[in-house]
Amino acid sequence: MPEVDWEKAVLRYLPAEEKASTRFLYEEAFPEDTGRFVDFYYQYKTRDNKILVLEQEGAAVSMLHRNPYTLIVNGYELCSDYIVAVATRKEFRHQGCMRALLERALCDMAYQGMPFTFLMPASEGIYAPFDFVWICPHTELPARVLRMDADAQNRYLASRYQMFCKRDERYLTNLEKEREAETGEAFSEKVPPFMARITDVCDMLFLAGSREERELFLHVKDPIIEKNNGYFRWTTGRDESSAAKLGCAPERVDLELSVGELASLIFGGFRICLSEFV
């Protein structure tokens with residue numbers, strides 16, 4: 001079995017003209033997807049996504065796709081990447097490829113000021129060690145809602161949920177093409193719930209909010225993203241929420257928790273609607 005040569009292996013994001021070169025890896029890892037669906041994915045979803053690959057001798061042995069979505073969270077509009085198509089060539093599995101990709105992607109998202117990322121896992125055991133936590137089940141919206149235009153769908157979702165993916169023309173076009181590509185595909189009756197991972201503690205606390213006025217001092221532990229590792233002052237009120245990282249330990253610590261535990265605490269208080277597959 002070939003081994004990854006970590007001294008020579010390269011992690012990089014592919015430019016647009018090279019994205020199609022990863023199709024063989026997608027088809028190997030996800031044989032349940034029809035050629036028609038893979039055609040759709042590489043025509044529509046890779047137009048604006050980021051594909052991070054681990055290369056050895058100029059060939060991709062592992063990849064991770066960051067598919068961008070605009071989310072509405074407690075009335076705020078933000079960008080968040082949906083992690084999909086995490087795959088490694090069979091002969092290179094169980095050598096740390098996925099860990100290298102995930103850690104690089106998470107740190108990049110943190111640097112870019114993205115509050116969190118989300119995914120639909122094949123297995124909880126794959127992502128829980130990286131502080132991903134369950135946040136919500138997959139939501140199947142009523143047919144009458146799916147027939148609404150983008151603005152009407154957004155109003156419907158905003159009246160019922162604190163967090164959802166914003167609908168716009170591009171979103172609806174992608175969804176229509178995805179449904180066409182799925183015609184005749186066999187689906188599992190049980191769709192796994194979504195998981196999420198905080199990538200910027202301060203931005204995430206800003207989104208959390210609270211109806212009470214309070215000041216809390218947190219000690220957050222994040223073994224991957226350094227700027228999330230440390231002490232934070234979180235101030236909330238009726239109209240705003242803010243957080244700042246402290247340079248040293250405060251006189252008191254109200255909560256000491258991992259970044260995953262913080263995610264569970266925050267997302268557990270949200271009404272969430274996610275119905276995306278890719």
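Modeller: Before we start, contact here means heavy atoms within 4.5 Å, and the model we are looking at is a predicted one.

Colleague: Fine. With that in mind, which residues does Gly113 touch, if you skip those up to four places away in sequence?

Modeller: Setting those sequence neighbours aside, Gly113 touches Asp200 and Asp203.

Colleague: And where is Gly113 placed?

Modeller: Gly113 belongs to the loop between α3 (97-111) and β5 (116-119), and with a relative accessibility of 28% it counts as partly exposed. If you want a distance for orientation, the C-alpha atoms of Gly113 and Glu176 are 31 Å apart in space, with their positions 63 residues apart in sequence.

Colleague: Moving to the interior, how many residues does the largest nonpolar core have, and which of them have the most contacts inside it?

Modeller: The largest nonpolar core has 78 residues, and those with the most contacts inside it are Phe116, Phe118, Ile135, Met163 and Phe267.

Colleague: Take Phe116, then: what is it in contact with, beyond four places in sequence?

Modeller: Once neighbours within four places are left aside, the contacts of Phe116 include Met163 and Phe267, two residues that are also listed among those with the most contacts inside the core. Phe116 is further in contact with Leu71, Val73, Leu78, Ser80 and Asp81, as well as with Arg197, Ile198, Thr199, Met204 and Leu207.

Colleague: What does the second core include?

Modeller: The second core is separate and has seven residues, among them Ile72, Leu157, Phe164 and Cys273.

Colleague: Now helices. At what angle do α2 and α7 pack?

Modeller: Helix α2 (residues 35-44) and helix α7 (residues 169-182) pack at an angle of about 160°, and their axes are 8 Å apart. Since angles over 145 degrees count as roughly antiparallel, α2 and α7 are therefore roughly antiparallel to each other.

Colleague: Is the crossing left-handed or right-handed, and which residues make the contact?

Modeller: The crossing of α2 past α7 is right-handed. On the α2 side the contact is made by Arg36, Phe37, Phe40 and Tyr44, while α7 contributes Asn174, Lys177, Glu178, Glu180, Ala181 and Glu182. Sorted by class, that contact has four nonpolar, one polar and five charged residues.

Colleague: Which residues of α2 are buried, and what do they pack against?

Modeller: The buried residues in α2 are Phe37, Val38, Phe40, Tyr41, Tyr42 and Tyr44. Besides α7, the buried residues of α2 pack against α1 (23-29), β3 (59-73) and β4 (76-88).

Colleague: Different topic: what about backbone torsions, say phi of His94?

Modeller: His94 has a phi near 65°, which is positive in a residue other than glycine. As background, most residues other than glycine have a negative phi. His94 is found in the loop between β4 and α3, where, at 84% relative accessibility, it counts as exposed.

Colleague: And Asp131, is that buried or exposed?

Modeller: Asp131 is buried, with a relative accessible area of 14%. Although Asp131 is not a glycine, its phi is also positive, at about 70°, and its place is in the loop between α4 (124-127) and β6 (133-136).

Colleague: Last one: where does Val10 lie, and what is it in contact with?

Modeller: Val10 lies in strand β1 (residues 10-13) and, leaving aside neighbours within four places in sequence, is in contact with Val53, Leu54 and Glu55. Its relative accessible area is 38%, so Val10 is partly exposed.

Note on methods
Residues are numbered from 1 along each chain as its sequence is written. This is a predicted model: local features need pLDDT of at least 70, side-chain atom pairs count only at pLDDT 80 or more; totals for chains, interfaces and linings use all residues. Side-chain values use heavy atoms; hydrogens and water are left out. Helices (H or I, at least four residues) and strands (E, at least two) are DSSP runs, numbered from the N terminus. Buried means under 20% relative accessible area, exposed over 50%, partly exposed in between (1.4 Å probe, protein chains only). A nonpolar core is a set of buried Ala, Val, Leu, Ile, Met, Phe, Trp, Tyr and Cys residues joined through side-chain atoms within 4.5 Å. Axes are lines fitted to C-alpha atoms, for helices over the stretch in contact, and angles run from 0 to 180 degrees between N-to-C directions. Angles under 35 degrees count as roughly parallel, over 145 as roughly antiparallel, 65 to 115 as roughly perpendicular and the rest as oblique. A crossing is left-handed if the near helix is turned anticlockwise from the far one by less than a right angle, and right-handed if clockwise. Ala, Val, Leu, Ile, Met, Phe, Trp, Tyr, Cys and Pro count as nonpolar, Asp, Glu, Lys and Arg as charged, and the others, Gly among them, as polar.
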